[in-house]
Amino acid sequence: MSAGLWITFEGGDGSGKTTQAELLREWCEEQGRAVVRTREPGGTEVGRTIRELVLHHRGDIGARAEALLFAADRSHHVATLVNPARERGEVVIQDRYLDSSVAYQGAARALGADEVRELSLWATEGALPDVTVLLDLDPAAARARLDAADKPFDRLEAEKAEFHGRVRDAYLRLAETEPERFLVLDATLPVGELAARIRERVSPLI
Ligand code: TYD
């Protein structure tokens, strides 16, 4: 049986994570691998309820409560979906994981990167992906993409430009501290070129 493989995509809103995750899924399936495509928040049934609350609740949610909601979604997701798929030897391709919490709650909401990372590691009993692809994009360019997509903004997307600047800087710092896990790519590159670079990174592991 093949070994399980877990790949996560990170980056600001509008950086193209979902497009690249889909292209990677197609390629992995062409290589004969069973793939589980999932996301946080909202990769499970419980998670979909948490997603609705944390992204679309109309009243205030305190920063720590928000961090705990993302961590609760993550804990259930890893325990009931990600880990079982890895144990079956499947490839898990996921939009967002704990690096999102470190960047958005830890840095942009200023709760502290280390504390938020520890919270997620506690929630998941230390689970970390094999590869994390960071699609790096200037927040102004990302905002132009989101405006063009014409979807209503969620609670996080609606934050100010400065917030998204802090998210981006935090992601780049994370990638520097764990260069063996992260693949950092310039999200303004053509879709096909990004997909090729991601395949190049994943191919020895598949
Ligand atoms: P996402 O599902 O990528 O948005 P969409 O598919 O609607 O474009 O992410 C939802 C938002 O949640 C995004 O703004 C980032 C935020 N988020 C956090 O703040 N912390 C987290 O831990 C996660 C997983 C997401």
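A residue counts as partly exposed when its relative accessible area lies between the limits for buried, under 20%, and exposed, over 50%. By that rule H76, at 31% relative accessibility, is partly exposed. The model described here is predicted. Its chain of 206 residues has a radius of gyration of 16 Å, which agrees with the value near 17 Å for a compact globule. The chain has eight helices and five strands.

**Overall fold**

- Read from the start of the sequence, the helices and strands follow the order β-α-β-α-α-β-α-α-β-α-α-β-α.
- The C-alpha trace spans about 50 × 35 × 30 Å along its principal axes.
- Of the contacts with a separation of 6 or more, 76% are between residues 24 or more positions apart.

**Burial and surface**

- Half of the chain is covered in this sense: 50% of the 206 residues count as buried.
- The chain exposes about 9900 Å², and carbon and sulfur atoms supply 51% of that area.

**Charges**

- The chain carries 27 positive and 36 negative charges, and the mean positions of these two sets are 2 Å apart.
- Side chains of opposite charge can pair when their charged atoms come close.
- In this model the count of salt bridges comes to 17.

**A salt bridge between two strands**

- D95 and R37 form a salt bridge through their side chains, with 2.9 Å from N to O.
- D95 belongs to strand β3 (residues 91-95) and R37 to strand β2 (residues 35-39), so this pair ties together parts that are 58 residues apart in sequence.
- The two partners are covered to unlike degrees: D95 is buried, with a relative accessible area of 8%, whereas R37 is partly exposed, with a relative accessible area of 25%.
- D95 and R37 also belong to a network of salt bridges that links them with E22, R25 and E29.

**A salt bridge between a helix and a loop**

- E66 and R155 form another salt bridge, in which the closest N and O atoms are 3.1 Å apart.
- E66 is in helix α3 (residues 63-87), while R155 is in the loop between α6 (139-149) and α7 (161-177), so the pair ties together parts that are 89 residues apart in sequence.
- Both E66 and R155 are buried.

**A salt bridge within one helix**

- E193 pairs with R197 in a salt bridge, and the closest N and O atoms are 2.9 Å apart.
- Both residues lie in helix α8 (residues 191-202), where they are four residues apart, about one turn of the helix.
- E193 is partly exposed, with a relative accessible area of 33%, and R197 is partly exposed at 37%.

**The surroundings of H76**

- H76 is located in helix α3, the helix that also holds E66.
- Leaving aside residues up to four places away in sequence, H76 touches T44, V46 and L81.
- H76 and D138 are 62 residues apart along the chain, and their C-alpha atoms are separated by 32 Å.

Definitions and conventions. Residues numbered from 1 in each chain as written. Predicted model: local features only at pLDDT ≥ 70, side-chain atom pairs only at ≥ 80, totals over all residues. Heavy atoms only, no water. Rg over C-alpha atoms; globule rule 2.2 N^0.38 Å. Buried < 20%, exposed > 50% of the residue type's maximum accessible area, 1.4 Å probe, protein only. Contact = heavy atoms within 4.5 Å. Areas by Shrake-Rupley, 256 points an atom, 1.4 Å probe, with all protein chains shown as cover. Lys, Arg positive; Asp, Glu negative; His and termini not counted. Charge placed at Lys NZ, Arg CZ, Asp CG, Glu CD. Salt bridge = Lys/Arg side-chain N within 4 Å of Asp/Glu carboxyl O.
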